[in-house]
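User: I have a structure open here and would like to go through it with you. Could you help me read it?

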Amino acid sequence: MNATHEPLLAVDGLTIDLTGPGGQPGLVQDVSFEVHAGESVALIGESGCGKTMTAMAVLGLLPAGFRVAGGSIRFQGRDLLACPERELRSVRGAAIGAVFQEPMSSLDPTMRVGDQIAEARRLHLGEARKVALRRARELLDRVGIPNAEKRLAAYPHELSGGMQQRVMIASAIACDPQLVLADEPTTALDVTIQAEILELLRDLRREQGIAVLLVTHDLGVVADFCDRVVAMYAGAVVERSDVDRLFGRPAHPYTRALLDAIPQNGRPRTVLPVIRGRVPAAGQFPTGCRFEPRCAHGGHERCLQPQHEAVLPDGRATRCARVADGDLVLAEGGAR
Amino acid sequence: MTTQTAPAGTRPVTAGDPGRRTSTIRLLLRRPSAAVAGGFLLLLVVLAVLAPWISPYDPNEQDLSAAFAPYSAEHLLGGDELGRDVASRLLHAIRLALLAPLISVGVAIVLGVPSGLWAGLRRGLADTVLSRIADALLSLPGLAFALAIVAVVGPGLVNVMVALGVVFSPTLFRVVRGAAMAVAEEPYIDSSRAIGCSTSRILWVHVLPNVAAPLLVQATILMGLALLSEAGLSFLGLGVQPPDSSWGSMLRTAYDYQFRAPFAVLPPGIAVVLTVLAFNTLGDAIRDVMSARWRR
Amino acid sequence: MSFSSFLTRIGGGLVVLWLVSVLTFGLIQLVPGDPAEVAAGDSATPERVETIRQQLGLDRPLVEQYATWLGGVLRGDLGASLFTGEPVTDAILRSAPATLSITLLALIVAVGLGVPAGILAGLRQGSWLDRAVATLATIGIAMPGFWVGMLLILLFALILPWLPATGYEPLSEGVDVWLEHAIIPATALGLATGAELARHTRGCVADVLSRPYVRTARARGSSSFWLVRHHVLRNAAIPVVTVLGLQAGRLLGGAIIIELVSGIHGLGTLTVNSILQRDFPVLQGYVLFAAAIVVVVNLVVDGLYGWLNPKVRTS
């Protein structure tokens, strides 16, 4: 957690509004976290917690209706939110690569796989098609696709899900980025393939020092792969910690409840703890703590006030005012 | 090659769905384009009915002193080559402009809907044969086929519109067939049968509501197409025959005398465009409203 | 596309053509009363009627009539005009170039105007450009082609004497002369199709832009131009090509009326005259010819569709 130099990516106070009827100001509220060179940070949370929106904001690819209302996203020193579109385009695909969730629909069905991998190189390095395709072939080898020469000419639908995702990864690292954003890269894949993809990402990190921001809802993936964790709930960061301490000593009731909800081997005849209630719908976020309605420790007067992030003495951050004050002590231990 | 089937991931409706009957019309009315289009068509109907009373002149009354008269207080839209009042002629032709397409669409429905239902529900040999015939009919350039029928049975408005109806029927056949097939594949049809629903009940309660929506959309659009085709065929002299006149035949005389009165082509043409526009806009609006309902 | 599916498609086309031939042949049989009398006209002598009857082969059994007729068709012999005696095939081949050249030019106008407009509108959804294109397209679809032709003549030949009002010159006289005469009818013919294309293209482009793979392409740093060139065009082309196939029949039909407006002696004039004169062989020949063109166009469209959509290709 100690950076000897500037963080590669520093998100500070990012706030995103969902505009229009049925919208929600502060859909993503005051999100701050850092990613240092070469490290792997997980952005975890349930569906709809805003983790994907946060990642999209880094790329400047928020869908229509979503608007950044405040904060900054500093990448290699520059505030991406203040950059004009042209500059952003020079960053996307070059210094920041992206891997998305469903490779089948995230790859152009009418374009050969080799061309899709080569695309970033042609765009950013101005390489001619043939030259870029040669590099694409090397990348296919690198991501572990056999028969790379022939595969260059294949179409996405001719490949299996796992291979498609490898192609996605190859296209994301085509220009040797410093950071790769991976939005649920393994969710749509079989468990065995998941492990292979993660293995691949880990190798790439090790060899090329690529930092990874991994957006996921799967705690198992986080445990295997990431150095640090940023946990989000209903658009707010509720806890920032490193992996070991998150799993051993969670600093927020939500993370605690998440860990408790993981089915455990060796605990027969127990009722599986479940987080009761549902994620608040957009437009209906509570003004106080957003998790309070579902929190096992909720109902306190302090919970009804807007919660702010507090840094604990050991470096972890939490958004539960009661935990920060020491008023609430969470149980230790948990799933691993 | 375009058939109307329910968008993926949607749930077909059933007659008696709560909230289904209540506000389709109201939803339509809330859209300005639909309200204007529907209002315009309604206005046309009113004008057509009232034409004999509100028309300033008899449409066939000739007054050669007013031949090619410019726009004036006496002749709002001028006079044609025989001095007849253009505005009155336009007014009286509204009736044809609304009835003629109805004939075509009626014929198309009679031919296309039962066969489409049959092909879509029964499948098998009937489906193959009917679909091939539909393909063949659709391969014929529509106007050419209508012309061929006119050659056989002779010119005349009814003949032409019936011919067009035959030309349009494969389109309705395909739409109905597609919708029927989509419904037939729904699991609840099997369960309806399993609990003993008769075929006619299934047809009425399940199939027809789902078929009605795309059918209505396509039929409305065909009304516009029919009017355009009638205008063309009457322009050629093969549709409405004298002494009757439609906007299409008015365009013909305007064309014949184009050098003498170049702007005479405008009033009947604009009338056609506005009416077809109204039909198309209404059809599009119905489609949008219906597909929004599908998504529930 | 695999050879067997190619053959299947051709086979399908042939079946359709055969059905069309049956329908066309059946036309004469459907004439109420005696077709020979109808064809001969009111003032015909009994000998003339009989001559026509023999010419049309109406005195022979139905199946034999069809077989003879079909045999002739397959040999390229579509019979002879009842009025001029000219072989129908010759009449069609004589009149076709004018019609086909105008129809092709109309297609170029339609694609050249409609597709770019649709792409721009799709790229800038919700903007004034998008709404303008949508409105113009909606109006364009509602306008009768021949009326547009008359308006264009009014504007560009009568008010502004830039172009000739009527007439047609074949390409052999020079491209500029041909274009001078052909541009008004072609534009009038192609406008409705262009409007339809604009609408459709806009929808397809908007749909493609909402797809996840476009997000991936953007994440690689694509500009709008790159997106259109490398991703949108190919994916949006598929439905657009399908629309073109559907419009082929419409274009041929519209050409008939445009020819009258622009004073062109092409297939349209030939057909209309054949109807007015009850010249059945010519009419049958035209219907068969037009249907054949539409079938061929649809085959080409199917082939194009297979080429554009790799999933179909490799299945």
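**Chains, cores and helices**

Analyst: Gladly; this is a predicted model, and a good place to begin is the pairing of chains A and C, where 24 residues of chain A are in contact with 20 residues of chain C.

User: Which elements of chain A supply at least two residues of that side?

Analyst: Those elements are α2 (85–91), α3 (103–106) and α4 (113–124) of chain A, and the largest share comes from α4(A), with four residues. Sorted by class, the side of chain A that touches chain C has ten nonpolar, eight polar and six charged residues.

User: And which pair of chains has the most contacts?

Analyst: Of the two pairs of chains that touch, chains B and C have the most contacts, with 42 residues taken from chain C and 36 residues from chain B. On the side of chain C that touches chain B, two or more residues come from each of α1 (3–30), α6 (128–142), α7 (145–159), α10 (224–262), α11 (267–276) and α12 (280–308) of chain C, and α10(C) gives the largest share, ten residues.

User: What classes of residue make up that side of chain C?

Analyst: The side of chain C that touches chain B has 35 nonpolar, five polar and two charged residues.

User: How far apart are the closest C-alpha atoms of chain A and chain B?

Analyst: They lie 16 Å apart, and no contact joins chain A and chain B.

User: Okay, switching to the inside. How many residues are in the largest nonpolar core?

Analyst: The largest nonpolar core has 164 residues, and those with the most contacts inside it are Ala144(B), Ala146(B), Val176(B), Tyr286(C) and Val287(C). Domain 1 (3–74) and domain 2 (97–265) of chain C each give at least three residues to this core. Apart from it lies another core, of 92 residues, whose members include Val58(A), Val113(A), Ala172(A) and Leu258(A).

User: What does Val287(C) touch?

Analyst: Leaving out residues up to four places away in sequence, Val287(C) touches Leu140(B), Ala144(B), Phe145(B) and Ala148(B), together with Thr24(C).

User: How far apart are the two domains of chain C?

Analyst: The C-alpha centres of domain 1 and domain 2 of chain C lie 37 Å apart.

User: Where does α5(C) bend?

Analyst: α5(C) bends by about 40° at Ala96(C), and a proline, Pro97(C), follows within four residues. This helix, residues 88–123, has 36 residues and reaches 50 Å from its first C-alpha to its last, close to the 52 Å expected at 1.5 Å a residue.

User: And what about α7(C), where does that one bend?

Analyst: The bend in α7(C) is about 25°, at Ile153(C). α7(C) has 15 residues and reaches 20 Å from its first C-alpha to its last, close to the 21 Å expected at 1.5 Å a residue. Its buried residues are Gly145(C), Phe146(C), Trp147(C), Val148(C), Gly149(C), Met150(C), Leu152(C) and Ile153(C).

User: One I keep clicking on is Val73(C). Is Val73(C) buried or exposed?

Analyst: Val73(C) is buried, because 20 other C-beta atoms lie within 10 Å, and the cut-off for calling a residue buried is 20 or more. Val73(C) sits in helix α4 (residues 62–75) of chain C and touches Ser21(C), Leu78(C) and Leu288(C), not counting residues up to four places away in sequence.

User: Back to chain A, then. What domains does it have?

Analyst: The domain assignment gives domain 1 (1–95 + 177–336) and domain 2 (103–176) of chain A, and 30 Å separate their centres, taken over C-alpha atoms. The contact between them takes 15 residues from domain 1 and 14 residues from domain 2. On the side of domain 1 that touches domain 2, helix α8 (residues 191–208) of chain A gives the most, with six residues.

User: Any backbone oddities? Which residues does the cis peptide bond join?

Analyst: The cis peptide bond joins Pro242(B) and Pro243(B), with omega about 5°, and Pro243(B) is found in the loop between α8 (199–235) and α9 (247–256) of chain B. For context, most peptide bonds are trans, and most residues other than glycine have a negative phi.

User: What is phi for Ala234(A)?

Analyst: Phi of Ala234(A) is near 45°, a positive value in a residue other than glycine. Ala234(A) lies in the loop between β9 (228–233) and β10 (236–242) of chain A and is buried, with 27 other C-beta atoms within 10 Å. Asn147(A) also has a positive phi, near 60°, but Asn147(A) is exposed, with 10 other C-beta atoms within 10 Å.

Note on methods:
Residues are numbered from 1 along each chain as its sequence is written. Chains are lettered from A and ligands numbered from 1 in the order in which they are written. This is a predicted model: local features need pLDDT of at least 70, side-chain atom pairs count only at pLDDT 80 or more; totals for chains, interfaces and linings use all residues. Two residues are in contact if their C-beta atoms, placed from the backbone, lie within 7 Å. Ala, Val, Leu, Ile, Met, Phe, Trp, Tyr, Cys and Pro count as nonpolar, Asp, Glu, Lys and Arg as charged, and the others, Gly among them, as polar. A nonpolar core is a set of buried Ala, Val, Leu, Ile, Met, Phe, Trp, Tyr and Cys residues joined through C-beta atoms within 7 Å. A residue is buried if 20 or more other C-beta atoms lie within 10 Å of its own, exposed if 12 or fewer, and partly exposed in between; C-beta atoms are placed from the backbone. Domain bounds come from an automatic or database domain assignment. The expected span of a helix is 1.5 Å times one less than its number of residues. The bend at a residue is the angle between axes fitted to the seven residues ending there and the seven starting there.
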